[in-house]
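Let's take a walk through this model together. Keep the viewer open and click along as the residues come up.

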Amino acid sequence: MLKRIWLLFKMTGDIKRFICLTILRCPFDFLYTSLQAVLISSSFAFITNRDSSGLGWLCVIFVFAFLLLFLYNGTVWNKYATFTVRFTAKLRSIIFINLCKLKPEIILAKNRGEWLSKFGSDTDVAAAVLNKPLHLPHFVVSAFSFTLCSVIMLFINPASLFIILILILPYILLNNIFIIPKISVLTKSCQSQMALSTEALISIISCKSIAVIYDAEELLFDKFIKASKSIKNIQVKIGLFRAINDSTAVFFGYLGYVLLIIYTGGYAPLSEVTAILQYRQGIIQALTMLTSCIINLRSADAGLERIGILLKD
């Protein structure tokens, strides 16, 4: 997968701009989590001390801090959106040029639906590495946020971090052993069925008049219907595995939330408990995003694999 993604960047020549924009985006999630933790813990401290003036100034300062943070994030993503549009256009242009350079015997070895799918749906799936939510840039951002939030938790309360990581482990194992490989295989199968469906649709359009004469319309439609049903069934299975992933994330997330409250509620001050819960939320959110990104990247890799012949020089 990594080799194919690297080849994608090598062909488009956009690796430096991608790295720059991703680095600029990395701090947002961690800063947002940290601001929330500091705001809530400081608020409870001021309330405990009955300091209404300090609480008021705290709210004013953090309103401006959040506004600046979201303005920064919006500016970076605006630049990134422009980058992905140009990237997708360049990728399609490269694939079309490389398709035109192929030898006739290579082109004739596959049916029309296969080539149309490579230029259409397969390219869309491959381009999703950068232009769809929860893919490569989000993977980098969530890994950065997960690391820093874990380091902060290590200094605040190491035992709480241990509880969080212990409950995360079953979720990681379940996804890597069971869910992610299944979704990857199903996505590849879905792309193959899309190629068959496209070829069947071309046959229906181009051979309709002949099929009417020989009363073979049902035969033409049968192949298209079978491919469409197969695509639907595969997508239902993919949705089922994604639902399992989401439900297990919620289960282990709330279980960790309850255990942390039980563990820290007995001795830690309220301000510290709220800070721990905020950083715990940042860790769980980053981990959930990481898992979703891996699933989506494996799905995008199915598209990259199918258009691999068109990405070579």
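Here is a tour that starts with the overall fold, then visits the cavities, the pocket, the salt bridges and a patch on the surface.

First, a word on where the coordinates come from: this is a predicted model. The protein chain has twelve helices and zero strands, so if you read along the sequence you simply meet one α after another, in the pattern α-α-α-α-α-α-α-α-α-α-α-α. Of the 313 residues in the protein chain, 43% count as buried.

Now for the empty space inside. How many cavities of 30 Å³ or more does the structure hold? There are two of them. The largest cavity has a volume of about 100 Å³, and of the 14 residues that line it, Leu167, Ile168, Phe252, Gly253 and Ile284 are the closest to its centre. Helix 9, helix 11 and helix 12 (270-306) each bring at least two residues to that lining, with helix 11 giving the largest share, six residues. By class, the lining of the largest cavity splits into ten nonpolar, three polar and one charged.

The second largest cavity comes to about 30 Å³. Around it you will find Leu21, Thr22, Arg25, Val76, Trp77, Tyr80 and Pro137. Here helix 2 (15-25) and helix 4 (52-101) each supply at least two lining residues. The class count for this lining is five nonpolar, one polar and one charged.

Hold on to Arg25 for a moment, since this lining residue of the second largest cavity also takes part in a salt bridge. Its side chain meets that of aspartate 29, at 3.3 Å from N to O. Are these two residues buried or exposed? Both arginine 25 and aspartate 29 are buried.

Side chains of opposite charge can pair when their charged atoms come close. The count of salt bridges in this model is two, and the other pairing to look at is lysine 226 with aspartate 222, where the closest N and O atoms are 3.4 Å apart. Lysine 226 and aspartate 222 both sit in helix 11, four residues apart, or about one turn of the helix. Lysine 226 has 56% relative accessibility, so it counts as exposed. The relative accessible area of aspartate 222 is 34%, which means that this residue is partly exposed.

Next, the openings. The largest pocket has a volume of about 180 Å³. Its lining is made up of Val125, Ile183, Thr187, Cys190, Gln191, Met194, Gln235, Ile238, Arg242 and Ser299. Two elements give two or more residues to this lining, helix 9 (158-206) and helix 11 (217-264), and helix 9 gives the most, with five residues. Sorted by class, the pocket lining has five nonpolar, four polar and one charged.

Finally, the outside. Val250, Phe251, Tyr254, Leu255, Tyr257, Val258, Leu259, Ile261 and Ile262 make a nonpolar surface patch of about 840 Å². Pick one of them, isoleucine 261, which is placed in helix 11. Why can isoleucine 261 be part of a surface patch? A patch takes residues with over 30% relative accessible area, and isoleucine 261 is partly exposed because its relative accessible area is 36%.

If you want one element to keep selected as you look back, try helix 11: it gives six residues to the lining of the largest cavity, holds both lysine 226 and aspartate 222, and is where isoleucine 261 sits.

How values were computed: Residues numbered from 1 in each chain as written. Predicted model: local features only at pLDDT ≥ 70, side-chain atom pairs only at ≥ 80, totals over all residues. Heavy atoms only, no water. 1 Å grid on protein atoms, 1.4 Å probe; cavity = no way out; pocket = protein on both sides within 12 Å on 5 of 7 lines; lining within 4 Å. Points joined across faces, edges and corners; volume = space filled by probe spheres on them. Nonpolar A, V, L, I, M, F, W, Y, C, P; charged D, E, K, R; others polar. Patch = residues over 30% accessible without salt bridge, like charges linked within 9 Å, V, L, I, M, F, W, Y side chains within 5 Å. Areas by Shrake-Rupley, 256 points an atom, 1.4 Å probe, with all protein chains shown as cover. Salt bridge = Lys/Arg side-chain N within 4 Å of Asp/Glu carboxyl O. Buried < 20%, exposed > 50% of the residue type's maximum accessible area, 1.4 Å probe, protein only.
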